[in-house]
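Me: I should like to learn how to read some features of a protein structure. Please show me the structure and begin with its surface.

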Amino acid sequence: MGNRLAGKTALITGASSGQGAAEARLFASEGARVVLGDVQDKAGEVMAQSIRDAGGKAEYRHLDVASEAGWKTVVDAIVATHGGLHILVNNAGVSLRGVTLETTPMADWQRLMDINLTGPFLGIRAVVQAMKAAGGGAIVNTGSTAGMNGHFATAYSVSKWGVRGLTKSAANEFAPWGIRVNAVHPGIVETPMVAGSDDFLEAMAWATPLARAASADEIATVVLFLASDEASFVTGIDLPVDGGFSASGLYRRVLLRVKESASGRI
Ligand SMILES: NC(=O)c1ccc[n+]([C@@H]2O[C@H](COP(=O)([O-])OP(=O)(O)OC[C@H]3O[C@@H](n4cnc5c(N)ncnc54)[C@H](O)[C@@H]3O)[C@@H](O)[C@H]2O)c1
């Protein structure tokens, strides 16, 4: 157990699974009181119990991030029960692969915007009063490398590009209160979101300089840094956590292709 988040209360969305669960475990192991929010209630309760069994402070609360009323209920309860809220991780998200821009159903477009983009927007609005009262806070939004490039899944990509604008605008607006807002942009991460997509995982690894997918724990350590006081002068940034995919994945693909060519010369 460490103490990098000692004395802090953190709300993590989408914490019943994948990266959110890894972040909840890590934050609790660093001394935070962790509130896990999700719509998968059973898995969330089990996750919170396993953190308590390991000696951490954790509780699960049902939170649909697309619901403004849901956010109010959860944040009010946290403040009433624990006296404040210092960290928000907007991690909950859903993907949509296998459709083109032309074939994306309107209902799916709207669902992705509601959860991936409106969710973090509502979350920031819901927590800032408590953070102002606490004298500051840290918010970490989860984007994606799909929000740093043109992408094959337009609705997902657009929702994650939006997270970047939200991050920078909120960082600007809330800096006077000592509230920092940053974004992480994972590349490919082995979680239930991509489970079973073996060809996709393999192709992403091929296009990634570090040549593999990340574990959820490798994303969580970066989110921990941004959420902690160690990042006290960091706000408004987009931080790719992607094995080099967005920095030089394109040139890696060029190099691999040239090496396969007749001349092999670059
Ligand atoms: N796995 C990847 O390769 C990858 C890559 C880049 C970005 N991301 C992003 O990382 C984040 C975490 O995803 P993950 O990989 O851990 O996937 P995951 O599917 O394991 O976890 C997502 C969690 O969000 C929850 N969720 C979905 N809709 C919700 C809602 N309306 N309200 C509250 N919770 C809701 C789910 O129940 C689930 O527990 C997402 O924002 C995702 O878009 C994932």
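Reply: Patches are made of residues with over 30% relative accessible area and no salt bridge; like charges are joined within 9 Å, and nonpolar side chains (Val, Leu, Ile, Met, Phe, Trp, Tyr) within 5 Å. A salt bridge is a side-chain nitrogen of Lys or Arg within 4 Å of a carboxyl oxygen of Asp or Glu. Areas come from the Shrake-Rupley method with a 1.4 Å probe, and for residues only the protein chains shown count as cover. The model is predicted: local features need pLDDT of at least 70, side-chain atom pairs count only at pLDDT 80 or more, and totals for chains, interfaces and linings use all residues. Residues are numbered from 1 along each chain as its sequence is written, and side-chain values use heavy atoms, without hydrogens and water.

Me: Which residues make the nonpolar surface patch?

Reply: L250, Y251, V254, L255 and I266 make a patch of about 560 Å².

Me: Is R180 buried or exposed?

Reply: Buried means under 20% relative accessible area, exposed over 50%, and partly exposed in between (1.4 Å probe, protein chains only). R180 is buried yet has no salt bridge; D229, the nearest side chain of opposite charge (Lys and Arg count as positive, Asp and Glu as negative; His and the chain ends are not counted), is 5.1 Å away.

Me: Which backbone oxygens does the side chain of R180 reach?

Reply: The R180 side chain reaches that of L226 at 2.9 Å and that of V234 at 3.2 Å.

Me: How exposed are I266 and D217?

Reply: I266 counts as exposed because its relative accessibility is 77%. D217, at 44%, counts as partly exposed.

Notes: Polar contact = N/O pair within 3.5 Å; in protein donor to acceptor, adjacent residues only side chain to side chain.
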